[in-house]
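Student: Could we go through this model together, taking one part of the fold at a time?

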Amino acid sequence: MTIMWCVSLVICISFLLTCANTAGILYPRESESREVKSLDGMWNFRLSLPDPLVGFKERWYMKDLSKSGPVIQMPVPSSYNDVMVDKKIRDHVGLVWYDKSFFVPESWRQQGFRVCLRFGSVHYAAQVWVNTHLVMNHEIGHLPFQRDITSNLKFGRLNRITVAVDNVLLSTTIPQGSLQNITTNNGPKTIQSYTFDFFNYAGIHRSVFLYTTPIVYIDDVDVTTDYTDDGVGIIYYKVQYGGSLSSGEVLNCSITVFNNENVREKFTVITNDAEGLSGTIEIENVQLWWPYLMNEVSGYMYTLEIRLSTTWNMDDLYRLPVGIRTIKWTNSSFLINNKPAYLRGFGRHEDSDIRGKGMDYALVTRDYDLIKWIGANSYRTSHYPYAEEIMDFADKHGIMVVDECPSVDTDNFSDKLLKKHTMSLAELIKRDKNRPSVIMWSIANEPRSDHKDADSYFKSVAIYAKTLDNTRPITAAIATNVETDQLGQHLDIIGFNRYSAWYTLPGHTEIIKSRVEDEATKWHVKHNKPVFMTEYGADTMPGLHMNPSFVWSEEYQVELMAEHFKAFDILRSKKFFIGEMIWNFADFKTEQSVTRVGGNRKGVFTRQREPKASAHHLRKRYWSLANRLDGVQVPSNIQSYVMGSECQNNVEL
C-alpha cells in the first residue's frame with residue numbers, strides 16, 4: 001500500500017514541477033514591501049498507523065489533526081525520529097502527518113498583498129493542504145518549495161496547514177532505496193533498506209515561512225561577477241518579475257549597491273532594456289570575495305537593493321547579498337580571482353543529537369567556528385543540499401562549498417531516475433546560483449559508475465548541469481576504479497573517495513602513501529583534469545587509546561591521516577592536485593549495523609562537536625598549508641609549550 005501511494009504521488013509531483021519549474025525560489029527576506037512570518041515551533045504530529053493510507057481514507061486534512069486521534073507535539077524544524085524515545089517513531093517507514101494553526105493579519109488583505117507559503121525542506125515527499133485545500137506537492141528532500149496561497153487564506157481569522165510526509169525511498173527516488181517485508185512476533189512489517197551510509201532522517205527539516213509580496217513582484221534574480229585589472233568590479237544581473245501588469249502600466253527596475261557596512265557604494269549601472277531588468281553594474285575600487293585565509297579580508301559581501309516599480313501598484317524591494325569573485329579552471333588547476341586555490345576541508349553531514357537534520361542556528365554557529373579554528377577553507381555538502389541558512393554562513397565567512405545534489409550510490413539507471421536526478425540539480429542550482437561560496441556542483445557521490453548505462457546516464461546529467469550553469473565546474477565523488485569508471489570523462493574536475501588501510505587492508509598504514517599517489521596520478525593521466533580527494537578516513541572511538549596504534553583508536557586515526565598527508569604533499573608538487581577533504585567533520589548517525597558503533601565514527605570531532613586527537617593534528621596540517629600557500633601566520637596556540645629556545649644545558653664541573 002505504501003509503495004503504490006508513493007508511486008502515484010511521484011507522478012503527480014512530476015507534473016506539477018514541470019508546470020512550475022520557471023518560478024523563482026528566492027529566500028524570504030523582509031523589506032519595506034515584504035513581510036515574513038515564521039511558522040516554526042510546535043506542530044501536531046502523528047504516525048499513519050496501522051494503515052499507511054488511513055489519513056487519506058479518513059481525510060485528516062479536513063479537520064484539526066487532534067480530532068483524528070492522539071497527537072504528539074513535534075518541533076519544527078527537526079527530524080521527528082530522535083525527538084521522542086519511542087522506537088516506533090524512530091524507525092517508522094511511510095507516512096506521518098503534521099498540522100499547525102495560525103492567524104493571518106487582516107491588514108495583508110487590505111494592502112492587497114500576495115501571500116506565499118514556503119518550506120525549506122521536507123523529507124522525502126510531501127503534500128500540503130491549507131484550510132482543507134490541496135495547494136502543493138513536492139518530492140526530493142533537502143530542497144525548498146513554495147506556492148502562492150492567497151486565495152486559500154482566511155484573513156483576520158484562524159487558518160490551518162496540514163502536511164503529509166512520506167520517507168519511503170525507491171529505485172526511482174533521489175536518493176534510492178527499497179522496501180523489504182519481514183516477519184516479526186507481531187506480524188508482518190515493512191522496513192526501509194538503502195546502501196548509503198547515513199540515517200534516513202525525515203520530517204519538516206527546515207523553517208516554514210509565510211511571506212508577502214506586492215501584486216507585481218521580484219520573482220528571481222541571476223547574477224554573475226567579474227572584475228578588471230584596474231580594480232573595477234562587475235556584476236551582470238537579470239531580474240525576473242511575477243504578476244500581471246494592467247493595460248498601459250509601466251514597469252521600471254532600479255538598482256542600488258551597498259557595501260559590507262551597509263553604506264551606499266559608488267557604482268554605475270548600464271541597463272540592457274528600457275525597464276532596467278537586466279544590465280551591468282560597475283563598482284570602483286572593488287573589494288573581492290576571497291576564501292578564508294586566502295586574503296586579509298575574506299567573505300566580503302555587497303548588497304544589491306533591487307526596486308521594482310509600477311505605475312499603479314506598490315513598489316517591491318528585495319535585497320540580495322552578492323560576493324564579487326571569479327572562478328576559472330584548467331586541466332591542472334582551480335583558480336579563485338586568478339589565484340590557485342588549494343582546498344583543505346571536509347565531507348560533512350547535517351546531523352546532530354535529538355534534532356537529526358533539523359536546522360539549528362546554535363549548531364551552525366559552532367560548526368563554522370570549528371571550521372575556522374581548524375584552518376579549513378572548504379567542505380562538500382555530502383550527500384545532499386544543506387540548509388540555506390548554513391550556506392549564508394559560508395558566504396559570509398569565505399568558506400568554499402562543493403554543492404552536491406542528493407544522488408548517492410546511484411544505480412539501476414532509468415529514464416525515471418534521470419528525470420528525478422536532473423530535477424534535483426535544477427532546483428539546487430536555481431536556489432544556490434548566486435552564492436559566491438559555491439565553487440563547484442557535485443552531480444553524484446559514489447555512483448555505480450562502472451555499471452551498464454552509466455556512461456550515457458551521466459553524460460546526460462553533466463550536459464544538463466552545464467546548460468543550467470557554465471560558470472562553475474562540475475565534479476563528483478567517485479569510488480569506482482580508474483580503469484572501469486565511466487563518469488570521470490564527463491566532469492571538469494575529478495573527485496575520488498578511497499579508504500586505504502581502513503576498508504582495504506585495515507591496520508596497514510604503510511600502503512597509503514603509494515596507493516593514494518598512484519591513483520590520483522592515474523585519474524589525471526586518464527582525463528587530463530584537476531584531481532582532489534573527496535574522502536579518506538578511519539572510524540575512531542573517542543577516548544580509545546592504544547600504543548602501538550590499532551584500528552578504532554585515536555592514535556590510528558592520526559597515523560592514517562599523517563600517511564595521507566605525505567601523499568598529498570607529493571601530489572601537490574605535481575601541480576594537478578587541488579585539494580584534500582577528510583571524511584568526516586563530525587561523527588554522524590547511520591542505520592543500525594554491526595560495523596557501526598552508534599553511527600559513523602570517522603569524524604575528527606564527536607557528534608557533540610568535541611575534538612578528537614585527529615582534530616588537533618588536522619589543525620596543524622591545515623594552518624601549515626595556509627602559511628605555506630597564502631602566507632598566513634600560524635596561531636600561537638597551535639603548539640603547547642614544551643621548551644623555550646633560550647634554554648641551554650647546564651654543565652656542572
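What follows is a conversation about the cores, sheets, pockets and cavities of this predicted model.

Student: Where does the largest nonpolar core lie with respect to the domains, and why?

Tutor: This core has 95 residues, and Phe346, Tyr379, Ile443 and Leu618 touch the most other members. Helix H10, residues 554-573, gives the most to the core, with seven residues. Because domain 1 (24-167 + 202-213) and domain 3 (339-630) both give residues to this core, it lies between domain 1 and domain 3.

Student: How many residues does the second, separate core have?

Tutor: The members of this second core include Val216, Ile218, Ile283 and Ile324. Counted in full, this separate core comes to 47 residues.

Student: How many residues of strand S29 are buried?

Tutor: Strand S29 covers residues 474-478, and its side chains can be sorted by the way they point. Ile474, Ala476 and Ile478 point one way, Thr475 and Ala477 point the other way, and all are buried. The strand is therefore mostly covered, with buried meaning under 20% relative accessible area, and the count of buried residues in S29 is five of five.

Student: Which residue stands opposite Thr475 of S29?

Tutor: The partner is to be sought in strand S28, residues 438-445, which is joined to S29 by three bridges, the two strands running parallel. The residue that stands opposite Thr475 is Ser442.

Student: Which strands are the edges of the open sheet of four strands?

Tutor: The order in this sheet is S15-S16-S19-S18, with antiparallel pairing, and the twist averages 20 degrees from one strand to the next. An edge strand pairs on one side only, and this holds for strand S15 (217-227) and strand S18 (267-271).

Student: Within that sheet, which residue of S19 does Val269 stand opposite?

Tutor: Strand S18 is joined to strand S19, residues 278-283, by five bridges, and the two run antiparallel. In S19, the residue opposite Val269 is Ile281.

Student: Turning to the open sheet of three strands, what is the bridge partner of Glu305 in S21?

Tutor: The order of this sheet is S17-S20-S21, again with antiparallel pairing, and its edge strands are S17 (251-258) and S21 (316-322). Strand S20, residues 302-310, pairs with S21 in the antiparallel sense over seven bridges. In S21, the partner of Glu305 is Arg319.

Student: Which element gives the most to the lining of the second largest pocket?

Tutor: This pocket has a volume of about 490 Å³ and is lined by 19 residues, of which Leu49, His92, Val93, Lys189 and Thr190 lie nearest its centre. Helix H3 (87-90) and strand S12 (187-193) each supply at least two residues of the lining. The element that gives the most, with five residues, is S12.

Student: What is the volume of the largest cavity?

Tutor: The count comes to six cavities of 30 Å³ or more. The largest cavity is lined by 19 residues, and those closest to its centre are Arg29, Leu320, Arg431, Asn434 and Arg435. S15, S21, helix H6 (388-397) and helix H7 (415-432) each supply at least two residues of the lining. The volume of this largest cavity is about 210 Å³.

Definitions and conventions. Residues are numbered from 1 along each chain as its sequence is written. This is a predicted model: local features need pLDDT of at least 70, side-chain atom pairs count only at pLDDT 80 or more; totals for chains, interfaces and linings use all residues. Side-chain values use heavy atoms; hydrogens and water are left out. A nonpolar core is a set of buried Ala, Val, Leu, Ile, Met, Phe, Trp, Tyr and Cys residues joined through side-chain atoms within 4.5 Å. Buried means under 20% relative accessible area, exposed over 50%, partly exposed in between (1.4 Å probe, protein chains only). Domain bounds come from an automatic or database domain assignment. Two strands pair if DSSP finds at least two bridges between them. On a 1 Å grid over the protein atoms alone, a cavity is a set of points where a 1.4 Å probe fits but cannot get out, and a pocket is an open set with protein on both sides within 12 Å along at least five of seven lines; lining residues have an atom within 4 Å of a point. Grid points are joined across faces, edges and corners, and a volume is the space filled by probe spheres set on the points. Axes are lines fitted to C-alpha atoms, for helices over the stretch in contact, and angles run from 0 to 180 degrees between N-to-C directions.
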